[in-house]
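Let's take a walk through this model together, one feature at a time. Have the sequence and the 3D view at hand as we go.

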Amino acid sequence: MQHQIQYWFPAKRYGWGWGMPATWQGWAIMIAYVLLIAIGAATIPRHSLAEFITYFIVLTVLFAAVCWWKGEPPRWRWGGD
């Protein structure tokens, strides 16, 4: 019996990085990411732009780390591979 790895985030067909989620776990992580950004935008005071930008960057780095960990290995793709 051969075990096949199922990536949460498949590689994009063109370019570098990942595409839309392929599993429910990937969708859950992406929805949580978007919701946390929306919650931060609603709760961080408007005069604290630096605080929101820091919050956004931290969430984005964490989301990218999950994509790197659970996604297909990234490399530049030209569409034919």
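**A salt bridge and a surface patch**

The count of salt bridges here comes to one. Keep in mind as you look that the model is predicted. The partners in this bridge are Glu72 and Arg77, whose side chains meet at 3.5 Å, N to O.

Let's turn to Arg77 and see where it sits. Arg77 belongs to strand β2, which covers residues 77–78. Is Arg77 buried or exposed? Its relative accessible area is 8%, and because buried means under 20%, Arg77 counts as buried. Its salt-bridge partner is placed otherwise: Glu72 has a relative accessible area of 24% and is therefore partly exposed.

The side chain of Arg77 has another polar partner to look for, as it reaches the backbone oxygen of Pro73 at 3.3 Å. Which residues does Arg77 touch once its neighbours within four places in sequence are left aside? They are Ala11, Lys12, Arg13, Tyr14 and Gly15, together with Glu72.

Now let's move to the surface. Here Met20, Trp27, Ile31, Leu35, Leu36 and Ile39 make a nonpolar patch of about 580 Å². Try picking out Met20 in the view: you will find it in the loop between β1 (14–15) and α1 (24–43). With a relative accessible area of 51%, Met20 counts as exposed, because the term applies to values over 50%.

Key. Residues are numbered from 1 along each chain as its sequence is written. This is a predicted model: local features need pLDDT of at least 70, side-chain atom pairs count only at pLDDT 80 or more; totals for chains, interfaces and linings use all residues. Side-chain values use heavy atoms; hydrogens and water are left out. Helices (H or I, at least four residues) and strands (E, at least two) are DSSP runs, numbered from the N terminus. A polar contact is a pair of N or O atoms within 3.5 Å; within protein, one must be able to donate a hydrogen and the other to accept it, and residues adjacent in sequence count only if both atoms are side-chain atoms. Contact means heavy atoms within 4.5 Å. A salt bridge is a side-chain nitrogen of Lys or Arg within 4 Å of a carboxyl oxygen of Asp or Glu. Buried means under 20% relative accessible area, exposed over 50%, partly exposed in between (1.4 Å probe, protein chains only). Patches are made of residues with over 30% relative accessible area and no salt bridge: like charges are joined within 9 Å, nonpolar side chains (Val, Leu, Ile, Met, Phe, Trp, Tyr) within 5 Å. Accessible areas come from the Shrake-Rupley method with a 1.4 Å probe; for residues, only the protein chains shown count as cover.
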